[in-house]
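Visitor: Could you teach me how to read this structure, one feature at a time?
Guide: Happily; let us look together.

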Amino acid sequence: MSYFRVSEACNGCLACVQNCPALALDARDEGDRRTLLHNMARCARCGTCWRVCPQHAVEFQHILASSWDEVVVLPLVRCEVCGEPLHTAKMPAGLEPRLAELAPPLCDHHRAARQAAQLRLPAGGAS
Amino acid sequence: MIVGDLKPLDELAASIVGFARVLVLGCGGCVTVCRAGGDAEAHDVARELAHPRWFPRSEPPLFEVRTIERQCENDLLRAFLPLPEGTQAILSLACGAGVQIVADVFEPLPVLPALSTTFMGGSDEPGVWREKCKGCGDCLLASTGGVCPIALCAKSLLNGPCGGSHDGHCELGPDIPCAWVRVYRRLEAQGRLELLDEVRGTRDWRKAGYRGPRRRSRTGVALR
């Protein structure tokens with residue numbers, strides 16, 4: 001989905017293409033079709049396209065607001081007690097050779113609780 | 001880019017005392033890149049100022065945070081920055097140019113600066129910005145090896161170095177390189193020391209803004 005969007009009012013006059021200072025807009029004429037092209041990597045988000053469009057067809061708000069693209073999805077390890085997200089499953093893989101043993105998947109709170117439980121003296125052990 | 005510094009929080013709090021609803025407005029331009037006034041800093045400021053310790057005699061204001069691509073363009077603000085309902089003041093994290101445009105657009109709403117605009121500069125190393133340009137309107141970098149004596153010499157000397165230059169440093173301190181020594185070294189490396197033979201005469205400082213605020217217009221940029 002392109003962040004550069006135009007409304008139905010666009011008549012393909014190419015004022016935006018001709019005035020874009022970042023050369024982020026182009027058009028392709030093939031057969032009986034004209035296609036308007038936008039390159040987000042080049043776009044300086046300067047708003048010139050929006051200013052010069054005689055049809056007021058450029059919907060610049062989409063470039064300003066944008067949205068989030070999913071870049072990568074990785075398996076996640078959570079605290080085995082409360083479910084708090086800790087790290088991705090891939091992260092410890094690179095650390096294994098440098099660690100004697102991997103810590104159990106616990107958040108700070110439950111790691112402290114487990115350590116305290118391990119240190120606690122057996123009932124009746126103190127006199 | 002334009003570099004700015006966030007004002008102390010007590011100064012910011014004092015500037016918004018008495019307003020019940022304040023819009024904290026970040027700028028997505030230069031001050032985002034120099035980590036002074038972008039969306040992250042706008043949220044930080046709103047969160048910090050919401051603490052009652054800054055407002056011993058009244059309730060802290062209710063804050064809303066918005067950030068727009070650039071605050072320094074009138075039509076962009078008018079078209080794409082609807083004010084949250086009930087806004088009584090705007091705390092702008094833009095440079096001085098942005099603050100003034102915002103104040104023009106939303107007049108008579110009080111617009112308060114959250115930054116002190118400091119200089120036009122660049123980043124020599126990650127996280128460090130240094131002043132590079134005074135916007136003098138008559139660039140002489142072509143004859144000074146790409147080192148600006150107007151911005152980098154404390155006296156903005158057109159011919160240098162002066163008698164205060166010592167071991168490559170300015171008399172102001174060992175942490176300030178002498179701009180004219182840098183000019184000399186650069187031109188020496190380029191084999192163009194003859195450029196220093198010319199003595200520069202008196203300069204027309206009107207181009208630097210001393211004849212009043214400067215204005216430029218470019219043809220072909222249609223107005224909506």
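**Domains, sheet and contact**

Guide: In chain B, the C-alpha centres of domain 1 and domain 2 lie 38 Å apart. This is a predicted model, where local features need pLDDT of at least 70 and side-chain atom pairs count only at pLDDT 80 or more, while totals for chains, interfaces and linings use all residues. Residues are numbered from 1 along each chain as its sequence is written, and chains are lettered from A and ligands numbered from 1 in the order in which they are written.

Visitor: Where do the domains of chain B begin and end?
Guide: Domain bounds come from an automatic or database domain assignment. Here that assignment gives residues 2-119 as domain 1 of chain B and 134-207 as domain 2.

Visitor: What does the radius of gyration say about chain B?
Guide: The radius is taken over C-alpha atoms, and the globule rule is 2.2 Å times the number of residues to the power 0.38. For 224 residues a compact globule would have a value near 17 Å, whereas chain B has 22 Å. Its C-alpha trace spans about 65 × 45 × 30 Å along the principal axes.

Visitor: How many helices and strands does chain B have?
Guide: Both are DSSP runs numbered from the N terminus: helices are H or I with at least four residues, strands E with at least two. Chain B has 7 helices and 9 strands.

Visitor: How do I read a sheet?
Guide: Strands of a sheet pair through backbone hydrogen bonds, either parallel or antiparallel. Two strands count as paired if DSSP finds at least two bridges between them. In chain B, 4 strands form an open sheet in the order β3-β2-β4-β5, with parallel pairing. Its edge strands, β3 (62-68) and β5 (111-113) of chain B, each pair on one side only. Strand β2 (residues 21-27) of chain B joins β3(B) over 7 bridges, and Gly26(B) stands opposite Thr67(B) in β3(B).

Visitor: Which residues of chain A meet chain B?
Guide: Two residues are in contact if their C-beta atoms, placed from the backbone, lie within 7 Å. By that rule, 8 residues of chain A touch 10 residues of chain B. On the chain A side, α2 (48-52) and α3 (61-65) are the elements that give two or more residues. The most come from α2(A), with 3 residues.
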